[in-house]
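The exercises below are to be worked with the sequence and the coordinates at hand. Each one sets a task and then follows the solution step by step.

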Amino acid sequence: PLGRHWVGRQRRPSRSRWDSAAGGMGLEVELEPLFQAWSYFRRRKFRQCSDLCSQLLERPPGEQVVGAGVCLSFYFIQAAWSLKTRALTEMVYVDEIDMDQEGIAEMMLDENAIAQVARPGTSLKLPGTSQGGGPSPAVRPVTQSGRPITGFVRPGTQGGRPSTMEQAIKTPRTALTARPITSASGRYGRLGTASMLTNPDGPFINLSRLNLAKYAQKPKLAKALFEYIFYHENDVKNALDLAALATEHAQFKDWWWKVQIGKCYYRLGLYREAEKQFKSALKQQDMVDTILYLAKVYLRLDQPVTALNLFKQGLDRFPGEVTLICGIARIYEEMNNISTAAEYYKDVLKQDNTHVEAIACIGSNHFYSDQPEIALRFYRRLLQMGVHNCQLFNNLGLCCFYAQQYDMTLSSFERALFLAENEEETADVWYNLGHVAVGIGDLNLAYQCFKLTLVNNTNHAEAYNNLAVLEMRKGHIEQARTFLQTASSLAPHMYEPHFNFAILSEKVGDLQRSYAAAKKSEEAFPGHVDTQQLIKQLKQHFAVL
């Protein structure tokens with residue numbers, strides 16, 4: 001019957017051009033070129049995206065793309081140009097919020113007027129002004145800027161604040177210590193020259209011939225162009241000019257452009273102008289990133305209390321925002337208020353229980369508070385989360401040793417040595433193995449471990465100090481004196497080499513050198529009781545003389 005015939009028959013749909021190109025067999029079809037480039041961009045294959053856009057841009061307008069049936073119109077070329085600009089930017093993009101490295105030039109030649117004698121607890125440049133709340137330097141090591149070593153390496157913790165230019169230049173040249181970077185502006189320069197590698201034929205855009213006023217009137221193109229100039233070419237002046245023209249075209253109502261102008265001012269060292277722009281942007285649009293940028297300005301101006309108030313106001317508008325809580329914890333940690341910092345890190349974990357920085361910092365705080373068993377639980381948590389590096393196994397080894405779980409100690413250190421990526425990491429592992437050897441009473445093994453530390457890192461001041469102590473036990477006075485002098489010159493912020501040198505000099509009768517070293521020890525650690533007693537004894541000797 002007629003009805004049965006129509007029910008049983010299935011109408012075959014007409015195949016599109018893309019289906020016919022694949023033969024109707026379900027094979028992968030050839031994508032339109034611009035869509036293919038966008039697909040590469042979404043999958044973070046920026047090199048392929050840039051190359052494909054270059055091929056499209058090399059063709060003259062109006063030409064038919066073979067196999068795609070697409071005519072290269074003006075808007076098509078504009079889209080390809082914008083996509084290539086974004087791809088080149090993403091290749092060298094560095095988040096401005098987390099990248100905050102102060103160089104020697106920025107620290108020692110800073111023209112911003114800051115109070116030389118700050119009130120207690122209001123300055124990052126005077127680390128001893130806070131109320132503390134954490135272990136003393138006798139238990140927890142400090143950096144050359146006087147702050148306790150944190151449980152997580154951040155760009156901000158790698159740049160110390162030395163008191164003199166001489167001290168800044170003499171400190172070890174390694175990013176794993178608190179030495180100042182040579183120059184933050186120099187790093188930006190290297191970033192700009194490195195970006196030339198993404199375009200072997202020369203720069204994609206000739207900035208000197210660019211009509212910025214024309215592009216400022218096209219908001220979508222202007223934003224991609226600004227990021228290209230700012231991140232890829234590192235031309236802050238042209239980026240600032242473009243942002244100023246664009247925000248003027250937007251009648252000063254676009255908060256995004258105000259944030260970009262603030263970033264340019266910050267990069268140029270004009271912190272007060274940057275502060276005005278970020279505040280203006282916040283009035284128009286509440287954004288977490290803008291709050292973080294403004295807090296960076298206050299920290300650079302050495303106003304941590306203002307930054308703390310800003311973060312707390314931000315938490316009123318964005319309750320539970322992890323980056324804001326973490327920012328508060330970092331500031332308290334830099335101000336030596338370790339107990340308060342630990343509480344805020346715990347608040348971070350309530351919102352995000354996989355936050356690596358918070359877990360590491362809480363674990364470090366428990367370890368230095370003589371709670372290695374609790375610290376071990378936090379470091380094991382990091383191991384379960386997939387963190388697998390030398391530092392973690394090194395910390396696990398120390399926690400196991402001090403928690404008397406000796407069966408796991410050596411295996412953790414062996415894994416740490418296997419995973420070490422450079423000589424500095426290897427040196428730290430051998431140094432900790434030396435401490436384990438001292439703990440079990442094997443001083444010969446400890447001596448060999450400290451020697452291996454110096455083989456991998458000749459600037460390891462702690463190893464020189466501990467070798468000097470072992471040499472003193474053997475009665476080798478001159479060798480111990482040499483090691484202590486080396487340690488004190490490499491790390492003038494450590495009190496141990498100065499105190500040990502003072503004790504050694506006092507034993508051999510050199511009271512003047514002993515007194516000078518004891519005063520340096522007292523300056524590095526004012527609360528050290530043994531140093532104060534030694535100074536008192538030496539003053540009595542001098543009074544008798």
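**Exercise 1.** Which residues in H21 meet which residues in H22?

Solution. The model is a predicted one, and the contact is read from it one helix at a time. On the side of H21, the residues are Thr409, Leu410, Phe413, Ala416, Leu417 and Leu419, and they meet Glu425, Thr426, Val429, Trp430, Asn432, Leu433 and Val436 in H22. Sorted by class, the residues of this contact comprise nine nonpolar, three polar and one charged.

The next step is the geometry. Two packed helices are described by the angle between their axes together with the distance between those axes. For H21 and helix H22, which spans residues 423–440, the angle is about 165° and the axes are 9 Å apart. Because angles over 145 degrees count as roughly antiparallel, H21 is roughly antiparallel to H22. The crossing in which H21 passes H22 is left-handed.

**Exercise 2.** Describe how helix H20 (residues 390–402) and helix H21 (residues 406–419) are arranged, and list the residues that make their contact.

Solution. Begin with the axes, which come within 8 Å and cross at roughly 160°. The angle therefore makes H20 roughly antiparallel to H21. As to handedness, H20 passes H21 in a left-handed crossing.

Then list the contact: H20 contributes Cys390, Phe393, Asn394, Leu396, Gly397, Leu398, Cys400 and Phe401, while H21 contributes Tyr406, Met408, Thr409, Ser412, Phe413, Arg415, Ala416 and Leu419. Divided by class, the contact of H20 with H21 has eleven nonpolar, four polar and one charged residues.

**Exercise 3.** Which residues does UniProt list for "repeat: TPR", and what are the helix and strand percentages of each span?

Solution. The record, an unreviewed UniProt entry, lists residues 427–460 and 461–494 under "repeat: TPR". In the model, residues 427–460 are 82% helix and 0% strand, and the end C-alpha atoms of that span lie 8 Å apart. For residues 461–494, the chain is 82% helix and 0% strand, with the end C-alpha atoms 9 Å apart.

**Exercise 4.** How many salt bridges does the model contain, and how are Lys279 and Glu275 placed in helix H13?

Solution. Side chains of opposite charge can pair when their charged atoms come close. With a cut-off of 4 Å from a side-chain nitrogen of Lys or Arg to a carboxyl oxygen of Asp or Glu, the count comes to twelve salt bridges. One of them joins the side chains of Lys279 and Glu275, at 3.2 Å from N to O. Because Lys279 and Glu275 are four residues apart in helix H13 (residues 271–284), about one helical turn separates them.

Notes. Residues are numbered from 1 along each chain as its sequence is written. This is a predicted model: local features need pLDDT of at least 70, side-chain atom pairs count only at pLDDT 80 or more; totals for chains, interfaces and linings use all residues. Side-chain values use heavy atoms; hydrogens and water are left out. Axes are lines fitted to C-alpha atoms, for helices over the stretch in contact, and angles run from 0 to 180 degrees between N-to-C directions. Helices (H or I, at least four residues) and strands (E, at least two) are DSSP runs, numbered from the N terminus. Angles under 35 degrees count as roughly parallel, over 145 as roughly antiparallel, 65 to 115 as roughly perpendicular and the rest as oblique. A crossing is left-handed if the near helix is turned anticlockwise from the far one by less than a right angle, and right-handed if clockwise. Contact means heavy atoms within 4.5 Å. Ala, Val, Leu, Ile, Met, Phe, Trp, Tyr, Cys and Pro count as nonpolar, Asp, Glu, Lys and Arg as charged, and the others, Gly among them, as polar. UniProt positions are given in the numbering used here, feature names are shortened, and annotations may be inferred rather than shown by experiment.
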